[in-house]
Structures are given as C-alpha cells and as structure tokens.
Amino acid sequence: MATAVEEWVEEQARVAQPARIHWCDGTEGEALRLLEIGQNEERLNGPVFIELNQKKWPKAFLHRSHPTDVARTEHLTYVCHPSREMSGPNNNWMEPGEAKRLLTRLSTGCMKGRTMYVLPYMMGHPDSPYAKACIQITDSSYVAVSMRIMTRLGKQALEKLKNRNDFVRGFHSIGDLSPRRRFIMHFPDDNLVWSIGSGYGGNALLGKKCFSLRIASWLGYRQGWLAEHMVIMGIEDPQGEITYICGAFPSACGKTNLAMMESALGGYRVWTLGDDIAWLNIGPDGRLWAINPETGYFGVAPGTSMVSNPNMMRTLRRGLFTPTLFTNVALNPETNEPWWEGLDGPVPEKLLDWQGRPWKPGSKEKAAHPNSRFTVSIYNTPTLSPEFDNPRGVPISAIIFGGRRGHLIPLVVESFDWTHGVFLGARMGSETTAAAAGEVGIVRRDPMAMLPFCGYNLGVYFRHWLNMGQRLSRPPKIFSVNWFRVDEDGRFIWPGFGHNMRVLKWIIDRVKGRVPARETPVGLIPYLEDLVVDDLNLPREKLAKLFEIKMSEWKKEVEEIRQFFKQYGQHMPRELLDHLEAMERAVRI
C-alpha cells in the first residue's frame, strides 16, 4: 500500500508528466552524478554546471541562470489564505481555488522530457522535537544539488515521512522560464508551496524562504513558536562562557558578516549557528531555544572578501562537505576561478561576465550580477558551533533588531521590557542604498526583517510576539543596533565588522547584569565608560554622537511609523500603539 507521500508524488507526476522519476537518496555519490549530468546538459546559456579550479576552489562549480531569473520575484509571490485579511497588506493574495486552477493549467505537462527529482528532506536535525519533515519535487538538477547543501536530504528524511500526512509539500518546475508564466504560491492551510517558471534559489529551493519562513511562520502562529529571519550565534567570553543571541537585519545590513564575525576584541570569539533562519521555541525550562533548520548558506557574493568576511572566504575554499555552487558570478577563463566585485586582489584583465560574455575592467555593467550567490555547506564553517547539531537547539539570552540608518537611531538601545522590544522590532526600517534603488536614503519599514517573509497578517504576527513573551519565564532581553550612523561629511562613525563585538560585549554585560544603563525616551543606552573603545581612534565627541538623541528630530519618524502601523487596522496591538503615543508625547516636549 502506497504511503501518503508516495501518493502525493504520483498525483504530481500525473500533472507534470515527467519522462522519468528519480527519488534522491542524498548521498555524495548521487550529488557527483547530478553534477556530471549537469556538465553535459545544455540549458539556455551553457551547461547547468561548469567545474571550477579544483585546487583553489575544491568541489566548486559555476551555474548561470536565465537573465530574467536572477532574484526573488516578490510581485509574483503570493500567500493564499482563504481570506485576504489573514494574508494581510504585507502579502500578495489570490483566492486558493483560483490560484490552484491557474497553477494546474501552467503545470500540466511542464516536465515532459525531463526528470522529476523527488527530494525528501528535513528542516532541522531529525532528532529535534522542533524539526519538520518535507518533500519537494523539481525538474532542475541545480535545485536538487542545492537542496542537498541547504537541507538534511535523503533516506533518513524519507523514514520520517512514512506513515504521516502532516509533511510540507513543495512542487517546483522551471517551466519555460517565462516571467509571464512565473508564480511562487503558498497555501499555508495545506502546508503547500507551488512554484513554476523560475530556477532562482529563493523561488526554487522551497525549503528556503518559502517554507522555513512563510509557511513556518504560520505553523508557528498556530503551534506557539516563531519562525524568524535571524542569525544565531554564540559569543564566548575570556572565561569560556558562551552566550547565545539572535539578530534580525534587513538586506545590506551585514547579517552574514555578523554571524561569522572575527572579533576585534581580544579574548572574545564568535561561534556560528546560522546566518538566515531561526526557529524559536519555548523550552521545558521556560526559556527561548533556537535551532537553525538549514545546513547551508545561500549568500550574496559581491562584497564578500577577506576584509568583510574572512570566515566565509575560508568556508568557500574549504571543500570538506558537498559541492559548493556559485551562481551568476563572473569567471576568470585563464585560471578557471570565480570572481565578483569586492573580491580580494586586482581585477583580472579578462573575464567572462555572469552571462558568459567577455568583460573588461571599466565596463559600465558589473561582471558578476549584483545578486550573484554562493551555496555552500555550513559544515565547512571554521567557526561552526559544536552545538549546531544539538537537537534541543541553544538557549537565547538576547535578541537584536538592526537596520541601516545614517542618522537618528543610536548605535545600541536596550528595550524597557519585552513589549517595548516588540515595538522596536515592529517599527524597524532601513535606508535604501544606491545599489538597491534609484533614490538613496528612503526609509523602508521592515518589521523584524520579516516584511517579505511573514506568511500571514503582520498585525496578527505582532500579537503573536507579545503572547510569546507572556509565556516565557525568562524572556531574552531585546536590543536595537545601528552600525551605519554617519558624521557631517557622510562618513561612517563606527568602524563596524569585528569591532561590533564591542557592542555585543555591552549587550552581554547587560544580560548578565554587570553594567548600568541610561534611560532615554527611546530606550536604555550605555554609559560611554562601559564601552571598551580605549584602543580605537574614536574621539569621545564622535562616540557621543553615536548615542545622540534629539527628540525634536523624531517627529517625522513617529509619523512614518504611525502611517505604517495604520494599514494593519484592528489587528494592530494596542500595546504597540501605546508605545508609539509615548514617543509622540516625547517629541512634543
């Protein structure tokens, strides 16, 4: 008798009509065979995989995607609750029946002549009470190899899927890659993601943002936990004590760099547990415990270097586990090495750009696509925490919300309590950069860095956060940080990178009750003498500028927050509006 997962795969095969079906076992040998097949399989602009210089970049391969398929397509991404109200203004919505009819029409026969890869995988350690069993089908060998890097894929997951029907389902096909026939649809009540027309990671690796955030956030709401767009890291002090923290940051705010930071403060070191996703559960002890459901990094290549993130560069070159994939980077044809803007060393005289075209220094277009990526196993990380595979996860003592703001927001602020901390996260935003948009310095609200990823109404999500705090017997302290404050000449005041450990030390000191803090209308800030900055070339007046709070300058901020909150109407928690009104009163004084 067929299992529920076998029956589901058979149903999808009747729609997609593949030439053959391959159930992936997740072994190294299988991955090597898929890579070999991909090197001989022509797709659009060349082979699916191009083997790179194995001496300098062990187990590394290059993949080029279609020029129209290079990023998440948020305008084609839908969250299909039965009601538009539950999807909220933060999501695109389509009535579920209508969406399924549309997708069935587009998916009928979409895998003709192709192999359907069946990917049984776990999000989280198989022995963790917080892990989830999943299945994805795809007609892309690139997706199959990538999912092996990013998840625990194979026979162990298949065993977990037997005799159960509550697994998360993922249907993916690249279709004909037409943007007019490209949709990424989520059906939270069905534990289903249905994606067609894209091969890009965020649209096609359905365990990534699609399940681990959009579907999982809804599961967390119903089951009493949180799925968050957060780093997880352990900070070891000179006495050997490790404090675990989570941090939420929108794009272009250095999230991956923070998770793998090389400390500039003597005696402190970072242990990496994850750079993107945290599932947060209340443990038997009443504390908040975090697991990273993934097993890899899907990171942006441009800007990654030995200066910005030396541990990631070591991870990319280590080659211990699984292949490493580079997507839409440039290629040095003379050395057969990947290249991207910001990489260490001189720019090569001759390159092939991300589409395989000749490129020379001084060209107007970038050699590597600005959103070019690497996919690499977390087990290659030299700073990987020994607790990474602990099924219980790690206990979280602090949560950090960060953004890119040139002015106004102090370097670090501690919330007054859990509710005020939720307010700090709900109001957070980042300024656009030249790389991100035509207009520079426009603040885009991105609560908890979850605006594109929360699988239901954000107002309801804020209430869920407040309820979680009430259930915690020992809630983490909540902070906001801003590494990006600038002086009168537009230069960053804070040195950032490894020096961010100086701020994290103060956060840990506050968690341990070692130092006092100064109360302001926006939260608790450090006394300058409690920051370890004596060896920095940072004059005291500049340090003080990082914490300058002029409430008269907050008037515009308060109004923008109010307008953002207004769209969530009756779902907006009264407690957060109370904090906004307290800020408004402070502005008037």
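**Close-up 1. Ala449 is buried, with a relative accessible area of 1%.** The model shown here, and in every view below, is predicted. Ala449 counts as buried because the limit for that class is under 20% relative accessible area. Ala449 sits in the loop between β27 (443-445) and α12 (458-471). Its backbone stands out too: phi is positive, about 60 degrees, although Ala449 is not a glycine. Most residues other than glycine have a negative phi.

**Close-up 2. Asn191 is a second non-glycine residue with a positive phi.** Here the angle is about 50 degrees. Look for Asn191 in the loop that links β9 (183-187) and β10 (192-196). Is Asn191 buried or exposed? Its relative accessibility is 12%, so Asn191 counts as buried.

**Close-up 3. Five strands make up an open sheet.** Read across the sheet, the order is β2-β3-β18-β23-β17. The pairing is mixed. Which strands stand at the edges? They are β2 (50-51) and β17 (296-300). Each has a single partner strand, so one side of each lacks a neighbour in the sheet. Strands of a sheet pair through backbone hydrogen bonds, either parallel or antiparallel. The next two views show one pairing of each kind.

**Close-up 4. Strands β3 and β18 run parallel.** β3 covers residues 60-63, and β18 covers residues 324-327. How many bridges join these two strands? There are four. To find the pairing in the view, start at His63. Opposite His63, in β18, stands Thr327.

**Close-up 5. Edge strand β17 runs antiparallel to β23.** Five bridges join β17 to β23, which spans residues 373-377. One pair to pick out is Gly296 with its bridge partner in β23, Ser377. β17 has an open side within the sheet, since a single strand partners it. Even so, four of the five residues of β17 are buried, so the strand is largely enclosed by the rest of the structure.

**Close-up 6. Four glutamates gather in a patch of negative charge on the surface.** Which residues form the patch? They are Glu6, Glu7, Glu10 and Glu11. Glu10 belongs to helix α1, which runs over residues 4-16. Its relative accessibility is 42%, so Glu10 counts as partly exposed. That class lies between the limits of 20% for buried and 50% for exposed.

Notes:
Residues numbered from 1 in each chain as written. Predicted model: local features only at pLDDT ≥ 70, side-chain atom pairs only at ≥ 80, totals over all residues. Heavy atoms only, no water. Patch = residues over 30% accessible without salt bridge, like charges linked within 9 Å, V, L, I, M, F, W, Y side chains within 5 Å. Areas by Shrake-Rupley, 256 points an atom, 1.4 Å probe, with all protein chains shown as cover. Salt bridge = Lys/Arg side-chain N within 4 Å of Asp/Glu carboxyl O. Lys, Arg positive; Asp, Glu negative; His and termini not counted. Charge placed at Lys NZ, Arg CZ, Asp CG, Glu CD. Buried < 20%, exposed > 50% of the residue type's maximum accessible area, 1.4 Å probe, protein only. Pairing = 2+ DSSP bridges.
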